[in-house]
Amino acid sequence: MTAVAITGLGSVASCGHGRGALELALRESRVDLVEIDRDRGFHLAASARHAARAAVTDLSPWLAPAASRRMSPPSRLAAAAARMALEDANLAMSPGAEDRCAVFLATGYGPSSYTERILEQVIREGPSSASPMLFTESVANAPAAQVALLERATGANVTVTQLEAGALHAVARGAQELVSGRADRVLAGAVEELSPLLHAILDRYHALVRPGRGGEVARPFDRRRSGYVAGEGAAVLVLERAADAAARGAETLANLEGWSRAFDPSAPPSGWGERPERTAAALKRRLERAGFDLGTTDLIVSGANGSRRGDRAAGLVLRSAFRGATLPPVVTPAAMLGAFCGNTLGAAVLAARGAGFGPTPGFEEIDPDLGIRPHDGSPLPLPRRVLVESTATGGAAVWLALGRPA
Amino acid sequence: MASCGRVAVTGLGAVSGFGWSAAELWSGLLSGRTAILPAARFDTRGQRTHVVSEVPSLPSSFPPDSARSRRHSRADRFAVAAARDAMAQAHLAPGTPEVGVFFGGSTAGIAGGERFLEALLSGSAGRVPLGLLAAQPLNAPGDAVARAFDLDGPVETVSSACASGSLAVGLALRSLRAGEVDCAVAGGSDALCSLTYSGFNALRAVDPEPCRPFRADRAGLSLGEGAGVLVLEPWERALERGVRPLAELLGAGASCDAHHMTAPHPQGAGAAAAIRSALEDAGLDPTAVDFVNAHGTGTPLNDLAEWHALTAVFGERASELPVTSTKGAIGHLLGSAGAIEAVATVQSLLAGLIHPTSGEGPVDPAIGVDLVLGAPREVGRDAVALSTSLAFGGANAALILAGWSDRR
């Protein structure tokens, strides 16, 4: 496969913006939560109260206020992260380059606050009250379209919606666009907005960790995990063919060496399946078909986030895939950054560069069914290959293989 | 990674305003009738238009709901029904390994979300079953297909508004060529809901009458619902399985206008780029194209921009190329439009007939298109066809399909 380089990372997360803030939060195991607005009465009395919301209030360094005013919250997050990524890659769009720039962006729930607002208009005031501006920005592909508008990216523009796994799907497809020669650069990643309504709904599904013993702490892979902390943010990568990146003297953050994708059809729409062996076998087979040897993995960046069933599925898939071998160290960025914010992807890029990770917050006791002890903060060897995994609600599963730059 | 050469279409499925089968879609399109009728499923008072193309009630002959499918949204049901037909035609058994699902959609089960929010706002949330939300995520229809037919994936959902279905078919092509899957169930599904109905009315993008693609007095689109599914697989694999290919998927292209969130580029620059990209992907010169199944929504801006795009790619030949649009017959299926149009295009190639473009009135003199009107027009069964999809946010997609031919 033509080598694909990741040369830029833009990030907006609960810890702030940019890869510096992300790196610091992961190293210090910092969990930055804010209280969610429960005033609308959507939440149950015992609900979760906190979330890892995007902590950047002023996006003007990356997004002009005049443009921002026309955007929904996730469009703003995506546009700012994309600009950050391009700046991080030291990449200016030269004339003509825009035709060869593609955008592959994922979102799980789309622009949830604008969707809520337009639906509320329709419900309370009748169908003819709907605002055209709200409608335009309520579509799932609004963030990707706004990124393209701002960056004049006239290559393929694709919005992937596969819940937690969307970010990795988007990166894999973006890389494929480069390998096939249909694009020269790709902006790929994910964005998620966390509205109070979405938070309340996730809580009603018992997906979120609620106040109780130890507080609202997600405990990935812990025996007593009881849910995740909902996250918000955006992570956008700049992808280029490695030869192109080298030719322009760009710093490579990580190399994308392969990917594989599968689905567990036994999973219910709001849950996870019971056939981890089959999913693991499919993922492993497809990754090996792409020329990647799983045995060369020395760090796993897992999307596990404290979900009881989700972490179980992720853990059993990993256990099955690495059967007969020692499971490499596992880091779980969602313990710090929340679920559904795209920044597990950002953390994975930093991991491939050898970023330090602090101990997994809240982890106390190994789940005997999984036997996975997430990273305890001890120094990690500089990884040669990092496996990034996402085992999503509903059954989708994606792996990416990242390599440390030479 | 293994790679395949030619990609065959071996199965078709469709659910539309004409009914729950691809056969009903095709007979409806050939007849020149329209399935755009007064809306029955929701309140249209105070709106610009009162007509839509709704999928009729499920036939009693359909398999009963399984326990797992009881929470299916309409979009899920359309998707599963279309996939069932497509897989049956392709002789693709449930549980076949290495089959991926590539799906497009823009609403999924949001109608359930609308009911949930209504209950929440009225304060009766405690009595509202969360099950209303089970099919809300945009990935629900594609996931439902994989679940219904025990497919181990990958499952990948695209939600790029009205280009979603074509993009999904294009991504399936990429995955087949890359050897990621042995076979693909590709398509899209969308169901009508208050959000899209109110939103398109708010944009004043809808025609009060059934839409009239490319006509002089066109005044907007008509909304529709339904699903289109194609089974795709390597040509040689199909022959080895004893399955005769229905058509060939030669190429896919995509682009973005990067011009405006709702209005197309006035010269159709993005659409032209997507068409050129698809032709390049197919290894064909524009002269190879025999007819066009256009996006043709019936909005003043879209149809003109699309004509400019055809002119930019095909030059003077643009006015000689037969062009048709499904939208006057079944409305605009949004996220599944590109998928059902790919199905209709394959049906044209199989029958050697281009279906007429439903709608009243003379063709816009500013658009020099050779619109197929009134009766079906003959075309070679080995013809090459272009299908276009142009979306909100400027996302464009194009597919190149060809009839059965040993010559390619």
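**Exercise 1. Work out which residues, beyond its neighbours within four places in sequence, B:H355 is in contact with, and decide whether B:H355 is buried or exposed.**

Step 1: Skip the neighbours within four places in sequence, and B:H355 turns out to be in contact with B:L29, B:L30, B:T324, B:A344, B:S348 and B:P376. Keep in mind that this is a predicted model.

Step 2: Find its spot in the chain. B:H355 sits in the loop that runs between β11 (353-354) and β12 (370-371) of chain B.

Step 3: Count what surrounds it. There are 27 other C-beta atoms within 10 Å of B:H355, and a residue counts as buried at 20 or more. So B:H355 is buried, loop or not.

Step 4: Try a distance. B:A375 is 20 residues away from B:H355 in sequence, yet C-alpha to C-alpha the two are 7.2 Å apart.

**Exercise 2. Describe the overall build of chain B: how many helices and strands does it have, and how does its radius of gyration fit the globule rule?**

Step 1: Tally the elements: 11 helices and 15 strands.

Step 2: Check the radius of gyration. For chain B it is 20 Å, close to the 22 Å from the globule rule for 408 residues, so the chain is as compact as a globular protein of that length.

Step 3: Add the dimensions. The C-alpha trace of chain B spans about 60 × 50 × 40 Å along its principal axes.

Step 4: Look inside. Of the 408 residues in chain B, 66% are buried. Among contacts in chain B with a separation of 6 or more, 80% join residues 24 or more positions apart.

**Exercise 3. Find which element gives the most to the side of chain B that touches chain A.**

Step 1: Start with the totals: 61 residues of chain B are in contact with 59 residues of chain A.

Step 2: List the elements of chain B that give two or more residues to this side; among them are α3 (110-121), α6 (194-202) and β8 (247-256).

Step 3: Pick the top contributor, which is α6(B) with 7 residues.

Step 4: Sort the residues on this side of chain B by type: 31 are nonpolar, 19 polar and 11 charged.

**Exercise 4. Say which residues of β5(A) point one way and which the other, then find the strands it pairs with.**

Step 1: Recall that side chains in a regular strand alternate between the two faces of the sheet.

Step 2: Apply that here. A:C101, A:V103 and A:L105 point one way, while A:A102, A:F104 and A:A106 point the other way, and all are buried.

Step 3: Find the partners. β5(A) pairs in the parallel sense with β7 (residues 185-192) of chain A over 6 bridges, and in the parallel sense with β6 (residues 157-160) of chain A over 4 bridges.

Step 4: Pin down the register. A:C101 stands opposite A:R185 in β7(A), and A:V103 has A:N157 in β6(A) as its bridge partner.

Definitions and conventions
Residues are numbered from 1 along each chain as its sequence is written. Chains are lettered from A and ligands numbered from 1 in the order in which they are written. This is a predicted model: local features need pLDDT of at least 70, side-chain atom pairs count only at pLDDT 80 or more; totals for chains, interfaces and linings use all residues. A residue is buried if 20 or more other C-beta atoms lie within 10 Å of its own, exposed if 12 or fewer, and partly exposed in between; C-beta atoms are placed from the backbone. Two residues are in contact if their C-beta atoms, placed from the backbone, lie within 7 Å. Ala, Val, Leu, Ile, Met, Phe, Trp, Tyr, Cys and Pro count as nonpolar, Asp, Glu, Lys and Arg as charged, and the others, Gly among them, as polar. The radius of gyration is taken over C-alpha atoms; the globule rule is 2.2 Å times the number of residues to the power 0.38. Two strands pair if DSSP finds at least two bridges between them.
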